[in-house]
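Take a moment with the sequence and the 3D view below. Then follow the chain from its surface to its core.

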Amino acid sequence: TAADPTNPRFVVGAIGPTNRTGSISPSVEDPSARNVTFDELVEAYFEQIVGLMDGGADILMVETIFDTLNAKAALYAVGEYLEFS
């Protein structure tokens, strides 16, 4: 865009998956067990968002998340970032 302002370009920052799931128990014996909390997920996604925005992202996209609780944490982190910035 700086080289040719008549042809704007945008950078999409992808908030990607984690290696943890918030809704599914890692233990067959204990269905209520979780290996990550919602707050830990929000913190991880928030860190990704800060890095993407510092790197120049114009758009944030939540992608490749198979767990709806993780997606909710990512969207919550976007809201937190927007509130504090």
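**From the surface to the core**

Phe 10, Val 12, Ile 59 and Met 61 form a nonpolar patch on the surface, with an area of about 390 Å². Keep in mind that this is a predicted model. Look at Met 61 in this patch. It belongs to strand β2, which covers residues 59-62. Is Met 61 buried, partly exposed or exposed? Its relative accessible area is 39%. Buried means under 20% and exposed means over 50%. Met 61 falls in between, so it counts as partly exposed.

Now step back to the whole chain. It holds two helices and two strands. Starting at the N terminus, their order is β-α-β-α. How spread out is the chain? Its radius of gyration is 16 Å. For 85 residues the globule rule gives 12 Å, and the chain is well over that, so it is more spread out than a compact globule. The C-alpha trace spans about 60 × 25 × 15 Å along its principal axes.

Next, think about what is covered and what is open. Of the 85 residues, 25% are buried. The chain exposes about 5,800 Å². Carbon and sulfur atoms account for 58% of that area. Contacts also tell us about the fold. Take those between residues at least 6 apart in sequence: 72% of them join residues at least 24 apart.

Now go inside. The largest nonpolar core contains 11 residues. Among them are Ile 15, Val 36, Ile 49, Ala 74, Val 78 and Tyr 81. Helices α1 (38-54) and α2 (68-84) each give at least two residues to this core. Which element supplies the largest share? It is α2, with five residues.

Ile 49 is a good core residue to study. It sits in helix α1. Its relative accessible area is 0%, so it is buried. What does Ile 49 touch, beyond its neighbours within four places in sequence? Its contacts are Ile 15, Leu 60, Ala 74, Ala 77, Val 78 and Tyr 81. Take Leu 60 from that list. Ile 49 and Leu 60 are 11 residues apart in sequence, and their C-alpha atoms are 7.8 Å apart. Now view the core from Tyr 81. Residues up to four places away in sequence aside, Tyr 81 touches Phe 46, Ile 49, Val 50 and Met 53.

Another member of the core is Val 36. This residue lies in a loop, between β1 (12-15) and α1. Is Val 36 buried or exposed? Its relative accessibility is 11%, so it counts as buried. Neighbours within four places in sequence aside, Val 36 is in contact with Arg 20, Thr 21, Gly 22 and Leu 41. Compare a position further along the chain. Val 36 and Val 50 are 14 residues apart, and 21 Å separates their C-alpha atoms.

Finish with Leu 52, which is in helix α1. Its relative accessibility is 23%, so it counts as partly exposed. Which residues does Leu 52 touch, not counting those up to four places away in sequence? They are Gly 13, Ala 14, Ile 15, Ala 57 and Leu 60. Thr 68 lies 16 residues from Leu 52 in sequence. From C-alpha to C-alpha, the two are 22 Å apart.

Key:
Residues are numbered from 1 along each chain as its sequence is written. This is a predicted model: local features need pLDDT of at least 70, side-chain atom pairs count only at pLDDT 80 or more; totals for chains, interfaces and linings use all residues. Side-chain values use heavy atoms; hydrogens and water are left out. Patches are made of residues with over 30% relative accessible area and no salt bridge: like charges are joined within 9 Å, nonpolar side chains (Val, Leu, Ile, Met, Phe, Trp, Tyr) within 5 Å. Accessible areas come from the Shrake-Rupley method with a 1.4 Å probe; for residues, only the protein chains shown count as cover. A salt bridge is a side-chain nitrogen of Lys or Arg within 4 Å of a carboxyl oxygen of Asp or Glu. Helices (H or I, at least four residues) and strands (E, at least two) are DSSP runs, numbered from the N terminus. Buried means under 20% relative accessible area, exposed over 50%, partly exposed in between (1.4 Å probe, protein chains only). The radius of gyration is taken over C-alpha atoms; the globule rule is 2.2 Å times the number of residues to the power 0.38. Contact means heavy atoms within 4.5 Å. A nonpolar core is a set of buried Ala, Val, Leu, Ile, Met, Phe, Trp, Tyr and Cys residues joined through side-chain atoms within 4.5 Å.
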